[in-house]
Amino acid sequence: MARETGIIPNALAIRPSVRPECNQYLEAFFTLSASRSSNGYGLNPVTIGEIKDYALMLDLDREEALKLLRVVQAMDSSFLEYIAEKNKTS
């Protein structure tokens with residue numbers, strides 16, 4: 001759209017930048033989020049087991065796996081809050 005009109009959409013103009021060292025957490029969140037289940041009322045959180053399996057797949061040590069767990073859970077909580085708020089206004 002920006003190429004065709006020359007106007008940058010607001011969502012692109014104000015999007016946050018991600019520090020390079022955070023890309024691994026963003027990638028993990030997107031990968032794990034895609035495998036989440038729902039319960040008929042909405043989305044379920046990403047489970048600790050899913051995060052643990054992801055960490056094992058990447059061969060992360062205990063400290064790295066715990067950091068991944070904390071970061072992904074924080075991202076997931078924010079995402080679920082956003083979805084809940086968005087659904088209230090829909």
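**Exercise 1.** What is the length of the polar contact that joins the side chains of Arg 36 and Asp 76?

*Solution.* This is a predicted model: local features need pLDDT of at least 70, side-chain atom pairs count only at pLDDT 80 or more, and totals for chains, interfaces and linings use all residues. Residues are numbered from 1 along each chain as its sequence is written, and side-chain values use heavy atoms, without hydrogens or water.

Step 1. A polar contact is a pair of N or O atoms within 3.5 Å; within protein, one must be able to donate a hydrogen and the other to accept it, and residues adjacent in sequence count only if both atoms are side-chain atoms.

Step 2. Between the side chains of Arg 36 and Asp 76, the polar contact is 2.5 Å.

Step 3. Arg 36 has a second partner: a polar atom of its side chain lies 2.7 Å from the backbone oxygen of Asn 44.

**Exercise 2.** Place Arg 36 and Asp 76, and decide whether each is buried or exposed.

*Solution.* Step 1. Arg 36 sits in the loop between α3 and α4. Asp 76 sits in helix α5. Helices are DSSP runs (H or I, at least four residues), numbered from the N terminus.

Step 2. Apply the cut-offs: buried is under 20% relative accessible area, exposed over 50%, partly exposed in between (1.4 Å probe, protein chains only).

Step 3. Arg 36 has 15%, so Arg 36 is buried. Asp 76 has 3%, so Asp 76 is buried.

Step 4. List contacts (heavy atoms within 4.5 Å). Leaving aside neighbours within four places in sequence, Asp 76 touches Phe 29, Arg 36, Pro 45 and Val 46. With the same exclusion, the contacts of Arg 36 include Leu 43, Phe 79 and Leu 80.

**Exercise 3.** Describe helix α5 and its packing against α3.

*Solution.* Step 1. α5 covers residues 62–89, 28 residues in all. The helix reaches 41 Å from first C-alpha to last, close to the 40 Å expected. The expected span is 1.5 Å times one less than the number of residues.

Step 2. Asp 61 caps the N-terminal end: a side-chain oxygen lies 3.1 Å from the backbone nitrogen of Glu 63.

Step 3. Leu 68, Leu 69, Val 72 and Asp 76 of α5 are buried. The buried residues of α5 pack against α3 (23–33) and α4 (48–57).

Step 4. α3 and α5 pack at about 60°, axes 10 Å apart. Axes are lines fitted to C-alpha atoms, for helices over the stretch in contact; angles run from 0 to 180 degrees between N-to-C directions.

Step 5. Among the residues making this contact are Phe 29 of α3 and Asp 76 of α5.

Definitions and conventions. Helices (H or I, at least four residues) and strands (E, at least two) are DSSP runs, numbered from the N terminus.
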